[in-house]
Amino acid sequence: MLIKISEGLYGFIWDDYSQNNCNTYLVDSSKKILIDPGHAHLFANVRQGLDALRVSLADIDLVLATHGHPDHVEAAAFLKDTSRFTMSRTEYDYIVELTGGRYREPEPDFFLQEGGLDIGSDCFDVIDTPGHTPGSVCLYWPAKKVLFSGDLVFPQGVGRTDLPGGSGERLKESIVKIMDLDIEFLLSGHGNVIAGKEPVRENFRIIRDYWFRSL
Ligand SMILES: [Zn+2]
């Protein structure tokens, strides 16, 4: 389902719960950035949305992965010849090791590093948020007060920590790191968009009150 979240920001929200796939987001600003393109065999969902926006794959300047799980990153292979690709170095090394070296493509064109990331005339902040995986990141867009949270937090939930490289303690520290940011739109890897400062704050309250004790 394609939704316009705000000016220059679209979500391809995955609502088929019989299959594991992530939400994909398109930043259509000074550059076009596709965040977490999803599973390869489910990419038609994103492609249809891009068609509706009259955006071709070749128009995408950068594909950014919040982390390296296949339900987030696999379809990046479709854009490897026309778009740049990035994830954190820690995550790339983790995925290569996890797959016994079978992970080949796409190779990152550069690695995400914690701190400011300028793409075109837009400024973002990369925030290291390990816990779900060792090299997971969140991407914050201060001008729009948007947080792309990957699989760190969801509506009324948090990312799994029982997969290889996961850590509940680190996940909790990562949530504490981002929960006081000024966020108007919380765009997570699974589930619905949370819009509005108060609903976002309420979501973090729920996570703190109900999830922190089990992490
Ligand atoms: Zn994941």
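**Briefing: helix α1 and the strands around β3 and β11**

Four bridges join strand β3 to strand β4 (residues 32-35), and these two strands run antiparallel. The structure is a predicted model, and this briefing follows helix α1 (residues 44-52), strand β3 (24-28) and strand β11 (residues 146-150), each with its surroundings.

**Strand β3 and its partners**

- Strand β3 and strand β4 form a hairpin, with three residues between them, and within this pairing D28 has K32 of β4 as its bridge partner.
- Strand β3 also pairs with strand β2, again in the antiparallel sense and over four bridges, and there Y10 stands opposite L26 of β3.
- Because four of the five residues of β3 are buried, this strand is largely enclosed by the rest of the structure.

**Helix α1**

- Which residues of helix α1 are buried? They are N45, V46 and L50, and because these residues cover an arc of only 130° around the axis, they lie on the same side of α1.
- An α-helix has 3.6 residues a turn, so residues three or four places apart point the same way.
- The other side of α1 carries A44, Q48, D51 and A52, which are exposed.
- The cover over the buried residues of α1 includes β2 (9-12) and β3 (24-28), two strands that themselves pair in the antiparallel sense.
- Just after α1, the backbone at R54 takes a positive phi of about 55°.

**Strand β11 and its partners**

- Strand β11 is mostly covered, since five of its five residues are buried.
- How are the buried residues of β11 divided between its faces? V146, F148 and G150 are on one side, whereas L147 and S149 are on the other, and with all of them buried, both faces of the strand are covered.
- Strand β10 (residues 137-141) pairs with β11 in the antiparallel sense over three bridges, and in this arrangement Y140 stands opposite L147 of β11.
- The hairpin of β10 and β11 has four residues between the strands, and in this hairpin K145 takes a positive phi near 55°.
- Strand β14 (residues 185-188) is joined to β11 by four bridges, and these two strands run parallel; the bridge partner of F148 in β14 is L187.
- Strand β11 is thus described with two kinds of pairing, antiparallel with β10 and parallel with β14, whereas the pairings given here for β3, with β2 and with β4, are antiparallel.

Definitions and conventions
Residues numbered from 1 in each chain as written. Predicted model: local features only at pLDDT ≥ 70, side-chain atom pairs only at ≥ 80, totals over all residues. Buried ≥ 20, exposed ≤ 12 C-beta atoms within 10 Å, placed from the backbone. Arc of directions from axis to C-beta. Contact = placed C-beta atoms within 7 Å. Pairing = 2+ DSSP bridges.
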